[in-house]
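Colleague: I'd like a close look at a single part of this model, please. Pick one stretch of the chain and walk me through what surrounds it, in plain words.

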Amino acid sequence: VDFEVASLWHRAFVFKAIELSAPFVNAAVSPGGALNLLSLQPKGPPPAAKAADQPLPRIIVGVLRVDQGALSYFDASRRTPFTSRVQPIEFELDDFTTGPEGGHFTFSGVSKRGERLEWHGNASVQPLASSGEFRIQGLRARTVWDYFKDRVGFVVNSGLIDIAGQYRFALRDPIDLQLEISRLASQDLAIRPNAAAEDWISLPQLSVDSVSLDLAQ
């Protein structure tokens, strides 16, 4: 952490750089559905509504960088436990402030199956909002099926999915979400009923372009 003396005349907490090397997060859901990370919340009575309305202290960060991060997820609340791991995770946030302008970020992560997520845009905390672009490459259809398989009557044997799009989000009442999927493509998708020995549906290639969603509309 590189904390700047300039904080004195900026009347803010000024960090030239914050760098995290190889951090990891182990997120686990218990059989009862409780997420372990929620136990990190402070104990005691909730803060008064007046305190919750107070603005955040002014913070300026030149660069926040995460290098070689890792995230593991285990969900024991499902009939068949689900597990996944993303590593390495690379993240960088530049010229960030707790003001409405926020800061620009880039994120990339790779799963143990080689699925890749790239995400970049702008994020702010007052108000909580973000806009940007994302791309998912090589998402295995079986990964999605592994999570939902106890709730569906079919098996996804194979398939790769690529998704690219843009979004705009703001935490308001109601929530403001606009989503543009510029490309959604799959290849070699094969589906069969649980008890079947052969695939019933086979899609060598499927492409969907220019899909939009406006939650308010």
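**A close look at strand E5**

Modeller: Let's begin with Arg85, which is partly exposed, with a relative accessible area of 33%. Keep in mind as we go that this is a predicted model. Arg85 sits in strand E5, and E5 covers residues 82–97, so let's make that strand our part, as a strand is a run of residues picked out by DSSP.

Who is Arg85 in contact with, if we skip its neighbours within four places in sequence? The list is Ala70, Leu71, Ser72, Val110, Ser111 and Lys112. Take Leu71 from that list: along the chain Arg85 and Leu71 are 14 residues apart, but from C-alpha to C-alpha the gap is 5.7 Å. Now have a look at where Ala70, Leu71 and Ser72 belong: strand E4 runs over residues 59–75. Strand E6 spans 103–111, which is the stretch to check for Val110 and Ser111.

Now slide along to Thr97, which also belongs to E5. Is Thr97 buried or exposed? Its relative accessibility is 9%, so Thr97 counts as buried; the cut-off for buried is under 20%. Leaving out residues up to four places away in sequence, Thr97 touches Ile59, Ile60 and Gly102.

Next comes Phe82, another residue of E5. At 11% relative accessibility, Phe82 counts as buried too. There are nine aromatic pairs in the model. In one of them, Phe82 and Tyr147 have ring centres 5.0 Å apart and planes at 90 degrees, so this pair is edge-to-face. Why does the pair tie together parts that are 65 residues apart in sequence? Because Phe82 is in strand E5, while Tyr147 is in helix H3. Tyr147 has 26% relative accessibility, so it counts as partly exposed. Tyr147 has another partner as well: Arg78 lies over the face of its ring, at 3.8 Å from the ring centre.

That brings us to H3, which spans residues 141–148. Its buried residues are Ala141, Thr143, Trp145 and Asp146. What do they pack against? Our strand E5 is one of the elements, and E8, E9 (154–170) and E10 (176–193) are the others.

Now for the empty spaces. The structure holds one cavity of 30 Å³ or more, and the largest cavity has about 60 Å³ of space. Its lining includes two residues you've already met, Phe82 and Arg85, together with Thr83 and Ser84. Thr143 and Asp146, from the buried set of H3, are also among the lining residues. E5 and H3 each supply at least two residues here, and E5 gives the most, with four. What classes of residue make up this lining? There are five charged residues, four polar ones and one nonpolar one.

Pockets come next. The largest pocket has a volume of about 470 Å³. It is lined by 18 residues, and the closest to its centre are Ser84, Val86, Ser111, Glu115 and Leu139. Ser84, Ser111 and Glu115 may look familiar, as they are among the residues that line the cavity. Several elements supply at least two residues each to this pocket: E4, E5, E6, E7 (116–125), E8 (128–140) and H3. Once more E5 gives the most, with five residues. By class, 11 lining residues are nonpolar, four are polar and three are charged.

The second largest pocket has a volume of about 180 Å³. Its lining is Ile18, Val61, Leu64, Phe91, Leu93, Phe96, Phe105, Trp119 and Ala123. Two or more of these residues come from each of E4, E5 and E7, and the largest share, three residues, is from E5. How many of the lining residues are nonpolar? Nine are, with no polar and no charged ones.

Some of those names turn up again in an aromatic cluster, which is made of Phe91, Phe105, Phe107, Trp119 and Tyr167.

Let's pull it together. E5 gives the most to the lining of the largest cavity and of the largest pocket, and the largest share to the lining of the second largest pocket. Through Phe82 and its ring partner Tyr147, E5 is tied to helix H3.

Conventions
Residues are numbered from 1 along each chain as its sequence is written. This is a predicted model: local features need pLDDT of at least 70, side-chain atom pairs count only at pLDDT 80 or more; totals for chains, interfaces and linings use all residues. Side-chain values use heavy atoms; hydrogens and water are left out. Buried means under 20% relative accessible area, exposed over 50%, partly exposed in between (1.4 Å probe, protein chains only). Contact means heavy atoms within 4.5 Å. On a 1 Å grid over the protein atoms alone, a cavity is a set of points where a 1.4 Å probe fits but cannot get out, and a pocket is an open set with protein on both sides within 12 Å along at least five of seven lines; lining residues have an atom within 4 Å of a point. Grid points are joined across faces, edges and corners, and a volume is the space filled by probe spheres set on the points. Ala, Val, Leu, Ile, Met, Phe, Trp, Tyr, Cys and Pro count as nonpolar, Asp, Glu, Lys and Arg as charged, and the others, Gly among them, as polar. Rings of Phe, Tyr and Trp (its six-membered ring) pair if their centres lie within 6.5 Å; planes under 30 degrees apart count as stacked, over 60 as edge-to-face and the rest as tilted. A charge sits over a ring if NZ of Lys or CZ of Arg is within 6 Å of the ring centre and within 35 degrees of the ring normal.
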